[in-house]
Amino acid sequence: MSEVVELWVYLSSTPLFGLTATLVVYVLAQASYVRLQQAPWANPVLWTVVIIACVLLVTGVSYPTYFAGAQFIHFLLGPAVVALAWPLWERRAALGKHWRALLLAALAGGLAASGSALALGWAVGLPLDVVLSLAPKSVTAPVAMGIADKIGGIPALAAVFAVITGMVGALSAKYLFAALKIPTDPTGWMARGFSLGTAAHGIGAARALQVNADAGAYAGLALGLQVVLASLLIPLAFRLF
């Protein structure tokens with residue numbers, strides 16, 4: 001028992017804690033996710049976040065201490081997003097055929113995501129800076145933070161909204177697509193993946209990739225398009241209006 005206590009004291013004060021805790025919790029959450037036949041509510045990202053947050057609260061380990069180790073995993077987010085280009089390259093013929101429709105869908109989806117969040121925020125009387133933080137909620141968190149900072153929002157709050165949006169999308173997409181009777185043929189997987197990547201960015205794309213390769217590829221495309229379009233158009237729109 002004393003050896004376990006000594007190991008905990010050592011890990012909790014070094015960068016190894018964040019790295020070790022994240023890897024162990026995620027591996028266990030992923031194993032449970034597979035065992036539960038990839039049920040949306042068992043999403044390993046969701047439960048890893050919840051469990052790590054609870055561990056930090058119970059043990060009193062500060063977030064900077066945790067992130068000193070977790071930053072090594074955080075660094076891999078960039079290469080992971082870039083790696084989504086390979087499935088798109090394999091489907092370049094289909095992209096060349098449907099690029100106009102996909103671009104129009106990305107514009108419409110981004111407008112709906114941002115516009116509906118702003119309208120709801122104003123309708124319930126949220127403070128202006130909080131409302132502005134909602135505008136980039138369907139863009140991956142680092143980009144959402146940058147956009148929020150440009151338009152007068154709160155970057156940290158924008159990151160929270162982005163993560164919550166991704167989680168909600170990943171958890172609800174299966175049931176929503178079933179209710180809308182979107183098929184699971186190649187065209188249906190394209191529609192499912194693209195809409196999930198548009199609404200729920202990286203977390204949605206990861207969920208789509210776990211379910212179907214075509215859905216994952218088009219979710220990655222939607223994620224990339226939203227990053228580019230939102231970065232250009234949201235600040236421009238607030239500057240003009």
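A residue counts as buried when its relative accessible area is under 20%, as exposed when it is over 50%, and as partly exposed in between. Keep those cut-offs in mind as you click through this model, which is predicted.

**Stop 1: Ala108**

Select Ala108, which you will find in helix α7. Is Ala108 buried, partly exposed or exposed? Its relative accessibility is 44%, so Ala108 counts as partly exposed. Now add Thr198 to your selection. These two residues are 90 places apart in sequence, yet from C-alpha to C-alpha Ala108 and Thr198 are 9.7 Å apart in space.

**Stop 2: the second largest pocket**

Stay with α7 and turn to an open space beside it. Rolling a probe the size of a water molecule over the atoms shows where empty space is left. The second largest pocket holds about 390 Å³ of space, and 22 residues line it. To find its centre, select Gly110, Leu111, Ser114, Leu233 and Ile234, the lining residues that lie nearest to it.

Which helices each supply at least two residues of this lining? Colour α7 (92-123) and α12 (213-240) to see them. The largest share, eight residues, comes from α7. If you colour the lining by class, expect 15 nonpolar, six polar and one charged residues.

**Stop 3: His201**

Next, select His201 in helix α11, which covers residues 186-211. With a relative accessibility of 4%, His201 falls under the 20% cut-off and therefore counts as buried. Show its side chain and look for the backbone oxygen of Ala162: a polar atom of the His201 side chain lies 2.6 Å from that oxygen.

What else does His201 touch, leaving aside residues up to four places away in sequence? Its contacts are Lys137, Ser138, Val139, Thr140, Ala162, Val163, Gly166, Leu196 and Leu223. Try showing these residues as sticks, with His201 in another colour.

**Stop 4: Ser32 and the loop after α2**

Move to Ser32 in helix α2, residues 16-35. Ser32 has a relative accessible area of 39%, so it is partly exposed. Pick Ala42 as well: it is ten residues from Ser32 along the chain, and the two C-alpha atoms are separated by 7.5 Å.

Now follow the chain into the loop between α2 and α3, where you will meet Gln37 and Gln38. Check the backbone angles here. Gln37 has a positive phi near 60° in a residue other than glycine, and Gln38 has a positive phi of about 55° although it is not a glycine. How accessible is each one? Gln37 counts as exposed because its relative accessibility is 72%, while Gln38, at 29%, counts as partly exposed.

**Stop 5: helix α3, from end to end**

Finish with helix α3, residues 44-59. Begin just before it, at Asn43, which caps the N-terminal end of α3. A side-chain oxygen of Asn43 lies 2.9 Å from the backbone nitrogen of Val45.

Then take out the distance tool. How far should the 16 residues of α3 span at 1.5 Å a residue? The expected span is 22 Å, and the end C-alpha atoms are 22 Å apart, which agrees.

Along the helix, select Pro44, Leu46, Thr48, Ile52 and Leu56, which are buried. Your last click is Gly60, which follows α3 and has a positive phi near 80°.

Conventions. Residues numbered from 1 in each chain as written. Predicted model: local features only at pLDDT ≥ 70, side-chain atom pairs only at ≥ 80, totals over all residues. Heavy atoms only, no water. Helix = DSSP H or I, 4+ residues; strand = E, 2+ residues; numbered from the N terminus. Expected span 1.5 Å × (residues − 1). Buried < 20%, exposed > 50% of the residue type's maximum accessible area, 1.4 Å probe, protein only. Polar contact = N/O pair within 3.5 Å; in protein donor to acceptor, adjacent residues only side chain to side chain. 1 Å grid on protein atoms, 1.4 Å probe; cavity = no way out; pocket = protein on both sides within 12 Å on 5 of 7 lines; lining within 4 Å. Points joined across faces, edges and corners; volume = space filled by probe spheres on them. Nonpolar A, V, L, I, M, F, W, Y, C, P; charged D, E, K, R; others polar. Contact = heavy atoms within 4.5 Å.
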